[in-house]
Amino acid sequence: MSVDTLNQDVKSQIDNLLMDTKKSSLDIAKTNTETKNLLLIDIAKNINESRTPILLNNEKDLNLLDPKNFSPAFYDRLKLNDERIDQMIQNINEVIDLDDPVRKNRFLYERPNGLKVFKQSIPLGVICIIYESRPNVTSDAASLCLKSGNSVLLRGGSECFNTNKILVDIIQKSLIKNNINKDCVNLVPYTDREVMKYILRKDDDVDLVIPRGGEGLIRFVSENSSIPVIKHYKGVCHVYLDSEADLKIAHDIAINSKIQRPGVCNAMETLIINKNLPKDFISNLMHEFINNKVLIYAEDELSNYITNDLFTKLRPKDYHNEYLDMKLNIKIVSDIKQAINHIEEYGSLHTESIVTSNERNKEIFIQSLNSSAIFHNASTRFNDGNELGLGAEIGISTTKLHAFGPMGLNELTSEKFVVYGSGQIK
């Protein structure tokens with residue numbers, strides 16, 4: 001079924017949903033900070049009190065998955081438990097504590113004729129979030145959009161439909177209770193791609209699309225959308241262990257960046273090791289990855305540190321892979337220049353980290369690379385809106401317009417000119 005042959009009833013339903021969401025965006029844009037915060041407090045409270053139905057619906061989604069078609073990492077991204085619900089609530093509470101990004105005046109200058117020129121932050125309008133598997137996106141996106149004065153249209157994947165629906169129902173109940181238009185947060189009731197294509201043509205109704213998921217989904221959205229798209233194709237994240245790295249710090253960061261949660265976009269996919277590091281350190285690190293069931297891909301040079309039956313021969317194209325799994329590329333280099341050149345060739349502008357005690361090398365690495373986040377002596381896992389003080393994130397942009405890196409409240413606003421005069425005419 002193509003967009004042109006979509007059932008007319010489906011088209012009408014989507015059109016009405018878009019119209020209602022757009023109308024609601026005018027209301028939420030005018031809502032004051034106190035009201036928005038009280039709303040978010042109520043949403044967090046209702047999520048906390050609704051754990052049982054949330055987990056039951058999540059279990060329903062998990063039971064519908066065919067293990068043959070979904071990796072353990074995918075299953076992990078979809079699964080909720082009390083700890084993850086706690087994190088969802090914590091994210092909402094942190095958004096409450098953040099400054100309202102709307103209606104902030106930034107003085108630019110006073111013109112020779114006495115006109116005073118300001119820029120004032122304003123909401124973007126209607127934001128459509130298209131995402132796969134992660135149910136925490138539902139609550140994070142809703143809280144960020146509401147606090148920044150935007151309405152949000154959520155289109156989750158079929159694998160998470162029941163979980164997303166119960167979360168949106170909870171959020172809408174809070175909207176109604178707080179006398180705010182419930183259509184500020186809406187869920188698309190269809191998950192097939194033809195409906196998505198139809199929505200992506202509605203540039204009069206939607207102001208921005210943010211896809212969150214695999215590279216295939218993001219390319220599909222980008223190729224079919226007439227609405228501006230924030231892109232995050234993939235997270236090919238690198239950690240470089242410099243020759244002057246503290247060995248304990250280097251070990252801990254390398255292990256954490258890969259195995260703490262491998263199914264997320266800020267997990268390390270390629271570890272770059274300076275060959276001048278002690279041989280026993282490199283060998284021990286490789287064996288720890290193997291003991292943690294990490295499948296290693298490497299070039300023949302790694303056989304200087306572990307036997308070649310412990311790793312799979314790497315093809316150059318593997319350096320482009322975002323595994324989102326317990327798989328890891330290893331690259332051995334002679335110096336920091338080779339490490340930077342490798343990242344420039346194969347990186348995706350997501351996250352890079354250098355482990356070193358050499359100040360000069362630290363600065364060379366930071367100033368040479370322009371990925372969305374560069375870390376020194378820290379795990380790539382910290383490139384996250386919550387960890388960087390944004391409260392939560394609506395996504396991590398790897399394109400430099402209009403936002404780059406984790407997108408929090410401020411990245412969900414634009415600016416208008418405000419000019420104060422005293423009767424000037426031209």
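## A walk through two sheets and a few odd backbone spots

Let's start with helix α13 (residues 359-368), which lies across β7, β12 and β13 and runs at about 170° to β12. Keep in mind as you look around that this is a predicted model.

The strands under that helix belong to an open sheet of 7 strands, and if you read across it you get the order β10-β9-β11-β8-β7-β12-β13, with parallel pairing. At the edges sit β10 (312-313) and β13 (373-376), each of which pairs on one side only. Helix α10 (residues 247-259) also packs on this sheet, where it touches β7 (237-241), β8, β11 and β12 (351-355). The direction of α10 makes about 160° with that of β8.

Now go through the sheet pair by pair. As a reminder, strands of a sheet pair through backbone hydrogen bonds, either parallel or antiparallel. Take β8 as your base. How many of its residues are buried? For β8 the count is 7 of 7, so the strand is mostly covered, with buried meaning under 20% relative accessible area. On one side, β8 (residues 268-274) pairs with β11 (residues 327-333) in the parallel sense over 5 bridges, and you'll find Ile273 standing opposite Ile332 in β11. β8 also pairs with β7, again in the parallel sense and over 5 bridges; here His238 stands opposite Thr270 in β8.

From β11 you can step on to β9 (residues 295-298), which is joined to β11 by 4 bridges and runs parallel to it. Look for Leu295 opposite Lys327 in β11. One more step takes you from β9 to the edge strand β10, with parallel pairing over 2 bridges, and there Ala298 stands opposite Lys313 in β10.

Between those last two strands, have a look at the loop from β9 to β10, which is where Glu301 lies. Is Glu301 buried, exposed or partly exposed? With a relative accessibility of 33%, Glu301 counts as partly exposed, because that value falls between the 20% limit for buried and the 50% limit for exposed. Which residues does Glu301 touch, once neighbours within four places in sequence are left aside? They are Lys275 and Ile332, and Ile332 is the β11 residue you met opposite Ile273. If you follow the chain on from Glu301 to His320, you cover 19 residues, and the C-alpha atoms of the two are separated by 19 Å.

Time to switch to the other sheet. This one is open too, but it has 3 strands in the order β1-β2-β16, and the pairing is antiparallel. Its edge strands are β1 (105-110) and β16 (413-420), each pairing on one side only. On average, neighbouring strands here are turned by 25° against each other, direction ignored. β1 is joined to β2 (residues 116-123) by 5 bridges, and the two run antiparallel. Within that pair, Glu110 stands opposite Lys116 in β2.

What makes up the nonpolar surface patch of about 420 Å²? Phe107, Tyr109, Phe417 and Val419 do, with β1 and β16 each supplying at least two residues. Tyr109 is a good one to zoom in on. This residue sits in strand β1 and is partly exposed, with a relative accessible area of 41%. Patch residues need over 30% relative accessible area, so Tyr109 meets that cut-off.

Finally, a few backbone details. Most residues other than glycine have a negative phi, and most peptide bonds are trans. Where does this model depart from that? Just before the 3-stranded sheet, in the loop between α5 (82-97) and β1, you come to Arg103. Its phi is near 65°, a positive value in a residue other than glycine. Arg103 is partly exposed, at 37% relative accessible area.

Asn377 is another case: this residue is not a glycine, yet has a positive phi of about 55°. You'll find Asn377 in the loop between β13 and β14, and at 30% relative accessibility it counts as partly exposed. Further along, the peptide bond from Leu401 to His402 is cis, with omega near -5°. His402 lies in the loop between β14 (396-397) and β15 (405-406).

Terms used. Residues are numbered from 1 along each chain as its sequence is written. This is a predicted model: local features need pLDDT of at least 70, side-chain atom pairs count only at pLDDT 80 or more; totals for chains, interfaces and linings use all residues. Side-chain values use heavy atoms; hydrogens and water are left out. Two strands pair if DSSP finds at least two bridges between them. Axes are lines fitted to C-alpha atoms, for helices over the stretch in contact, and angles run from 0 to 180 degrees between N-to-C directions. Patches are made of residues with over 30% relative accessible area and no salt bridge: like charges are joined within 9 Å, nonpolar side chains (Val, Leu, Ile, Met, Phe, Trp, Tyr) within 5 Å. Accessible areas come from the Shrake-Rupley method with a 1.4 Å probe; for residues, only the protein chains shown count as cover. A salt bridge is a side-chain nitrogen of Lys or Arg within 4 Å of a carboxyl oxygen of Asp or Glu. Buried means under 20% relative accessible area, exposed over 50%, partly exposed in between (1.4 Å probe, protein chains only). Contact means heavy atoms within 4.5 Å.
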